[in-house]
Amino acid sequence: MADRRAVLAPGQGYDTRGPLFVYIGEALRRLGFEVHEVTWRSLGELRLDSAPEWVAEQLDPVLDAGVDLLVGKSLGSFAAPLAADRGIPAVWLTPLLTDPAVREPLGRATAPFLLAGGTGDRFWDGAVARRLTPYVVEVADADHSMMVPGPLAASAEALGRVCTAVEEFAAGR
């Protein structure tokens, strides 16, 4: 029986069946977390300006059940205010750091959090990430899916770097 609970909040086009979540979910299970994978309801016509409220509406009940670690990717990073307000340690994969609705709550968070992104992602800002937290994994040239140009082995290596960082971060929670 798991003694800790992790919630995985996916992106808009990157659900919990994507490689980042598959390996991170497995790592968390091995560390003794019960893993709850969120599936977004009615994504259809979601607009970026309404995303923070939409994400909060769907995640509030999930977080009310208790959570020791929140892992959000892209769209899921709109849960940053929830994590900040509740003092939940978090991992943000390819967070939307260019959006104040994500960046500002991260700036007031009291619980530790890890940020992972790539320099080829237009939503990533490495300088902002390093200012917000000491826990940063930045992959050169990685896009919003954490894929890098060139041989696929380079993307697999990037995946391994991110998953190892998450595993190490979560082990300390």
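Helices and strands are here runs of residues assigned by DSSP, with at least four residues for a helix and at least two for a strand, and they are numbered from the N terminus. With that in hand, select the whole protein chain, which belongs to a predicted model, and follow it along the sequence: the pattern reads β-α-β-α-β-α-β-α-β-α-β-α, made up of 6 helices and 6 strands.

**The whole chain**

Before zooming in, keep the entire chain in view and turn it slowly. Its C-alpha atoms fill a box of roughly 40 × 40 × 30 Å along the principal axes. The radius of gyration is 15 Å, which agrees with the value near 16 Å that a compact globule of 173 residues would have. Buried residues make up 51% of the 173 residues, while the surface that the chain exposes comes to about 8,200 Å², with carbon and sulfur atoms supplying 51% of it. Among contacts with a separation of 6 or more, 50% are accounted for by residues 24 or more positions apart.

**Helix H4**

Now select residues 100–108, which form helix H4, and show the side chains of Val102, Pro105 and Leu106, which are buried. On which side of H4 do these residues lie? They cover an arc of only 105° around the axis, which puts them on the same side of the helix. The general rule behind such a pattern is that an α-helix has 3.6 residues a turn, so residues three or four places apart point the same way. Next add Glu104 and Gly107, two exposed residues carried on the face turned away from the buried side of H4.

To find out what covers the buried residues of H4, select their surroundings, which include helix H3 (80–86), strand E4 (90–93), strand E5 (113–118) and helix H5 (126–132). Then move to the N-terminal end of H4, where aspartate 99 acts as a cap, with a side-chain oxygen 2.8 Å from the backbone nitrogen of alanine 101.

**Threonine 94 and its surroundings**

Select threonine 94 next, in the loop between E4 and H4. Threonine 94 is buried, with a relative accessible area of 0%, and its side chain is joined to that of lysine 73 by a polar contact of 2.6 Å. Leaving aside residues up to four places away in sequence, threonine 94 touches Lys73, Ser74, Ala116, Asp121, Asp143, His144 and Met146.

Two of these neighbours deserve a closer look at their backbones. Serine 74, in the loop between strand E3 (69–73) and H3, has a positive phi of about 50° although it is not a glycine, and at 11% relative accessibility serine 74 counts as buried. Methionine 146, in the loop between E6 and H6, likewise has a positive phi, near 65°, in a residue other than glycine; at 4% relative accessibility methionine 146 also counts as buried.

**Phenylalanine 123**

From here, select phenylalanine 123 in the loop between E5 and H5. Not counting residues up to four places away in sequence, phenylalanine 123 touches Pro95, Leu96, Leu97, Thr98 and His144, and His144 is also among the residues that threonine 94 touches. For a sense of distance, add arginine 161, which is 38 residues from phenylalanine 123 in sequence and 20 Å away in space, C-alpha to C-alpha.

**Aromatic pairs**

The last stop concerns aromatic rings, of which a search of the whole structure finds 3 pairs. Begin with tryptophan 40 and tryptophan 54, whose rings form a tilted pair, 5.2 Å from centre to centre and with 50° between the planes. Tryptophan 40 lies in the loop between strand E2 (33–37) and helix H2 (51–64), and tryptophan 54 in helix H2, so the pair ties together parts that are 14 residues apart in sequence. Tryptophan 40 counts as buried at 9% relative accessibility, and tryptophan 54 is buried as well, with a relative accessible area of 13%.

Then select tyrosine 135 and phenylalanine 169: their ring centres are 5.1 Å apart and their planes stand at 70°, so this pair is edge-to-face. Because tyrosine 135 lies in strand E6 (residues 135–139) and phenylalanine 169 in helix H6 (residues 152–171), the pair ties together parts that are 34 residues apart in sequence. Is each partner buried or partly exposed? Tyrosine 135 is partly exposed, with a relative accessible area of 34%, whereas phenylalanine 169 counts as buried at 4% relative accessibility.

Conventions: Residues are numbered from 1 along each chain as its sequence is written. This is a predicted model: local features need pLDDT of at least 70, side-chain atom pairs count only at pLDDT 80 or more; totals for chains, interfaces and linings use all residues. Side-chain values use heavy atoms; hydrogens and water are left out. Buried means under 20% relative accessible area, exposed over 50%, partly exposed in between (1.4 Å probe, protein chains only). The arc is that of the directions from the helix axis to the C-beta atoms. Contact means heavy atoms within 4.5 Å. A polar contact is a pair of N or O atoms within 3.5 Å; within protein, one must be able to donate a hydrogen and the other to accept it, and residues adjacent in sequence count only if both atoms are side-chain atoms. The radius of gyration is taken over C-alpha atoms; the globule rule is 2.2 Å times the number of residues to the power 0.38. Accessible areas come from the Shrake-Rupley method with a 1.4 Å probe; for residues, only the protein chains shown count as cover. Rings of Phe, Tyr and Trp (its six-membered ring) pair if their centres lie within 6.5 Å; planes under 30 degrees apart count as stacked, over 60 as edge-to-face and the rest as tilted.
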